[in-house]
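Me: I have a structure open and would like to talk through its strands and cores. Could you walk me through them?

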Amino acid sequence: IIISPTVENEFQFDQFRYVYPLDTSSWTAEVPGSVSGLQGSCIVIPCSFNYPEPKIKPSEFTGIWFKDTSEVIYHPDSSNVITDYRGRTKLVGNLRQKNCSLRIDPLHSSDKGPFTFRIEIKDYNKASYKDDRVFITVSGKFSRENRQLQYPIYPKVNILAIVGEEVSASCSVSHSCPSDPPLITWSHSGTPSIQSQQQTKGQWEETSTLTFRSSNADNNQPLVCTAAYRGGKTVSSSKTLTVKYVHYIVISFLLMMLFIDAPVDVKVKGVSSVKEGDSVELRCSSDSNPAANSYHWHNSRGPLPTTGPTLTLENVTRLTEAIYCTAINTEGLGESSPLKLNVECK
C-alpha cells in the first residue's frame with residue numbers, strides 16, 4: 001500500500017509558530033496491509049518510506065510507531081512507549097536508508113493493530129502515515145469461536161529424488177521471524193542443509209533439505225519433519241518412503257530322487273548332497289522391492305535355457321558345473337553366489 005501522508009513543516013519566527021503545507025509528491029511509505037505471526041514468536045513488519053531530498057543532508061531521524069494512531073508502541077526513548085509494548089519493540093530498519101521495519105518480540109494475542117508509522121527529520125520536516133495501516137493476524141492462540149487451538153501452517157514435506165540408495169527430501173515452513181526462524185529437524189539421520197527466502201511482505205520460508213542413504217528397512221516408513229518455533233510451539237508433517245532395491249540373492253535346492261517304479265515328482269528339502277544320476281531342482285529367490293519379474297540361469301560356459309525361478313538339472317554327475325542365478329526387477333539385477341553341488345557316487 002503506498003499513500004501520501006500528513007506532512008507538516010514547522011519553523012519558529014518572532015516567537016510565533018507557523019505551519020504551512022509542503023509538496024507531498026515524494027512523501028510516500030510502503031507497508032503490507034496485513035501480516036501473520038505466531039503467538040510467542042516474533043514478527044517483523046516490513047516498512048519503507050521516501051521524502052523529498054532537502055538541500056542539506058539530514059543529521060537526525062526519529063522513527064515512531066503507533067497503535068490506533070495515538071498509543072506509542074515504539075520510540076527511541078522507551079519512556080514514551082506504552083507499558084504493554086515497552087521492551088518488546090525494536091526498529092530493525094535503518095532510517096537513513098529509508099527502512100522503517102519494526103520487530104515485535106514476543107508477539108501477544110492482543111497485537112492486532114492497526115499500526116502506523118511516523119518519521120521526524122530534524123531541522124526539516126515530519127510525516128505521519130495515518131492512513132497507511134498494518135494489521136496483524138495472530139495464530140497459535142485459543143479460538144473462542146471453534147473452541148480449539150489455532151496452530152501455524154504445517155510444514156510441507158517432499159521426496160525430491162531416490163537415486164540408487166540415496167534419498168533427497170525437503171521440508172519447508174513459513175514464518176514471520178527472520179532473526180529467529182523455526183528449527184527444522186528430521187526423524188532420519190543424514191546431512192541437512194538450510195535455506196531461507198523472503199516470500200510475500202512479512203513472510204519468510206525456511207527450507208531444510210536432507211540427504212541420506214536408504215535401506216530396505218526404510219520402505220513404507222514415515223519420514224517426519226518437525227518445525228520448532230520461537231516460543232516453544234512445534235508442528236510436524238511426514239511422507240511415506242518407498243524404497244526400491246535389489247538385494248540378497250539366494251539359491252536353494254530341492255532333490256528329486258528317481259526310483260524304479262516310484263513316483264518321479266518327489267521333493268525333499270534340506271538335502272546337502274545328491275547321488276550321481278539323480279535329478280535336482282534349484283530355486284532362485286530374492287529379497288527385492290518391487291519383486292523380481294525375471295530370472296536368468298547360467299554356468300561358467302554361458303546361459304542355461306531357463307528364465308523362471310526354478311531350474312531342473314537331470315542326471316547330475318561329478319562334472320556338473322557350479323550354477324549361478326540372476327534376479328531382475330524394474331530397478332536392476334542381482335546375481336547370486338555360485339552353487340556347486342556335492343555329487344556322490346552311487
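Me: Over how many bridges do β19 and strand β22 pair?

Reply: Happy to help! This is a predicted model, where local features need pLDDT of at least 70, side-chain atom pairs count only at pLDDT 80 or more, and totals for chains, interfaces and linings use all residues. Residues are numbered from 1 along each chain as its sequence is written, and side-chain values use heavy atoms, leaving out hydrogens and water. Strands are DSSP runs of E, at least two residues, numbered from the N terminus, and two of them pair if DSSP finds at least two bridges between them. β19 and β22 (residues 222–228) run antiparallel, and the number of bridges is four.

Me: Which residue in β22 stands opposite tryptophan 186?

Reply: Trp186 belongs to the covered face of β19, along with Ile184, while Leu183 and Thr185 make up the uncovered one. Across from Trp186, in β22, stands cysteine 225.

Me: Which are the edge strands of the open sheet β19-β22-β23?

Reply: This sheet has three strands with antiparallel pairing, and its twist averages 20° from one strand to the next. An edge strand here pairs on one side only, and that fits β19 (183–186) and β23 (234–240).

Me: Which residue in β29 stands opposite tryptophan 297?

Reply: Strand β28 (residues 294–299) is joined to strand β31 (residues 324–329) by five antiparallel bridges, and there Trp297 faces cysteine 325. β28 also pairs antiparallel with β29 (residues 302–304) over three bridges, and a hairpin of two residues links β28 to β29. In β29, the residue opposite Trp297 is leucine 304.

Me: Which residues touch the most other members of the largest nonpolar core?

Reply: A nonpolar core is a set of buried Ala, Val, Leu, Ile, Met, Phe, Trp, Tyr and Cys residues joined through side-chain atoms within 4.5 Å, with buried meaning under 20% relative accessible area (1.4 Å probe, protein chains only). Of the 33 residues in the largest one, the answer is Phe49, Trp65, Phe117, Ile119 and Ile136. Elements giving this core two or more residues include β8 (61–67), β12 (115–121) and β14 (135–139).

Me: Which aromatic partners, Phe49, Trp65 and Tyr129 among them, does phenylalanine 117 touch?

Reply: Contact means heavy atoms within 4.5 Å. Leaving aside residues up to four places away in sequence, Phe117 touches residues including Cys47, Leu95 and Cys100, and also Phe49, Trp65 and Tyr129.

Note on methods: Buried < 20%, exposed > 50% of the residue type's maximum accessible area, 1.4 Å probe, protein only. Axes fitted to C-alpha atoms, helices over the stretch in contact; angles between N-to-C directions.
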